[in-house]
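Got the viewer open and a free hand for clicking? Let's take a short walk through this one, stop by stop.

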Amino acid sequence: MSLSWIATFSGNAIQSVLWRRNREEIAMWSTRSRAVFYGGAALAIAVVGLAFTPWFPTSGLETIAAVAAVAAGVFAMWRTWRDEHTYV
């Protein structure tokens with residue numbers, strides 16, 4: 001098995017466990033918060049999935065854009081989670 005396959009499998013396993021533990025709480029969020037949270041996850045997963053295709057860029061500005069897209073998706077998820085757990 002390749003290291004990338006193991007990393008992908010373990011990442012998906014961790015994500016599904018965390019989602020299962022919190023899905024009832026996420027279901028109570030506003031529609032906008034759920035859309036941003038799941039949209040960020042979809043963006044990050046799509047870019048990581050694209051990395052396993054032969055036409056994914058190996059260097060240059062396109063790679064920086066791909067890393068930025070993953071970072072943007074993760075940031076959107078984190079910010080939404082933080083906003084939903086901030087009680088003022």
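Before anything else, click on Trp81: does Trp81 count as buried, partly exposed or exposed? With a relative accessibility of 29%, Trp81 counts as partly exposed. Keep in mind as you go that you're looking at a predicted model.

**The whole thing**

Now zoom out and colour by secondary structure. You'll find three helices and zero strands, so the pattern along the sequence reads α-α-α. The protein has 88 residues, and 17% of them count as buried. Switch on a surface if you like: the accessible area is about 6700 Å², and carbon and sulfur atoms account for 69% of that. Contacts tell you something about the fold too. Take the ones between residues at least 6 apart in sequence, and 64% of them join residues at least 24 apart.

**Helix H3**

Select residues 61–84, which make up helix H3. How far apart are the C-alpha atoms at its two ends? They are 34 Å apart, which agrees with the 34 Å that 24 residues should span at 1.5 Å a residue.

Next, pick out Ala66, Ala69, Gly73, Ala76 and Thr80, which are buried residues of H3. What do the buried residues of H3 pack against? Show residues 31–50 as well: that's helix H2, and it is what they pack against.

**Thr80, looking across to H2**

Stay in helix H3 and centre on Thr80. Thr80 counts as buried because its relative accessibility is 8%, and the cut-off for buried is under 20%. Its side chain reaches back to the backbone oxygen of Ala76, at 2.8 Å. Which residues does Thr80 touch once you set aside its neighbours within four places in sequence? Light up Trp29, Ser33, Val36 and Phe37, and you have them.

**Ser33, looking back**

Hop over to Ser33, which sits in helix H2. Is Ser33 buried or exposed? At 7% relative accessibility, Ser33 counts as buried. Leaving out neighbours within four places in sequence, Ser33 is in contact with Thr80 and Glu84. Show the side chain of Glu84 and draw a distance to the side chain of Ser33: there's a polar contact there, at 2.6 Å.

From Ser33, draw another line, this time C-alpha to C-alpha, to Asp83. The two are 50 residues apart in sequence, and the line should read 8.8 Å.

**The salt bridge**

Now that you've landed on Asp83, you're back in helix H3. How many salt bridges does a search of the whole structure find? It finds one, and you're at it: Asp83 pairs with Arg79, with the closest N and O atoms 3.4 Å apart. Side chains of opposite charge can pair when their charged atoms come close. Asp83 and Arg79 are four residues apart in helix H3, so about one helical turn separates them. Both partners are partly exposed: Asp83 has a relative accessible area of 42%, and Arg79 has 37%.

**The aromatic rings**

For the last leg, show the side chains of Phe, Tyr and Trp. How many aromatic pairs are there? The count comes to five. Start with Phe37 and Trp81, a tilted pair at 6.2 Å centre to centre, with 35 degrees between the planes. This pair links distant parts of the chain, since Phe37 is in helix H2 and Trp81 is in helix H3, 44 residues apart. Phe37 is buried, with a relative accessible area of 10%, while Trp81, where you began, counts as partly exposed at 29%.

Slide along to Phe75 and Trp78 for another tilted pair, at 5.7 Å centre to centre and 40 degrees between the planes. Both of these residues lie in helix H3, three residues apart, about one turn of the helix. Phe75 is partly exposed, with a relative accessible area of 47%, and Trp78 also counts as partly exposed, at 45%.

To finish, select Trp29, Phe37, Tyr38 and Trp81 together: they form one aromatic cluster. You've met Trp29 and Phe37 before, on the list of residues in contact with Thr80.

Note on methods: Residues numbered from 1 in each chain as written. Predicted model: local features only at pLDDT ≥ 70, side-chain atom pairs only at ≥ 80, totals over all residues. Heavy atoms only, no water. Expected span 1.5 Å × (residues − 1). Buried < 20%, exposed > 50% of the residue type's maximum accessible area, 1.4 Å probe, protein only. Contact = heavy atoms within 4.5 Å. Areas by Shrake-Rupley, 256 points an atom, 1.4 Å probe, with all protein chains shown as cover. Salt bridge = Lys/Arg side-chain N within 4 Å of Asp/Glu carboxyl O. Phe/Tyr/Trp six-rings, centres within 6.5 Å; stacked < 30°, edge-to-face > 60°. Polar contact = N/O pair within 3.5 Å; in protein donor to acceptor, adjacent residues only side chain to side chain.
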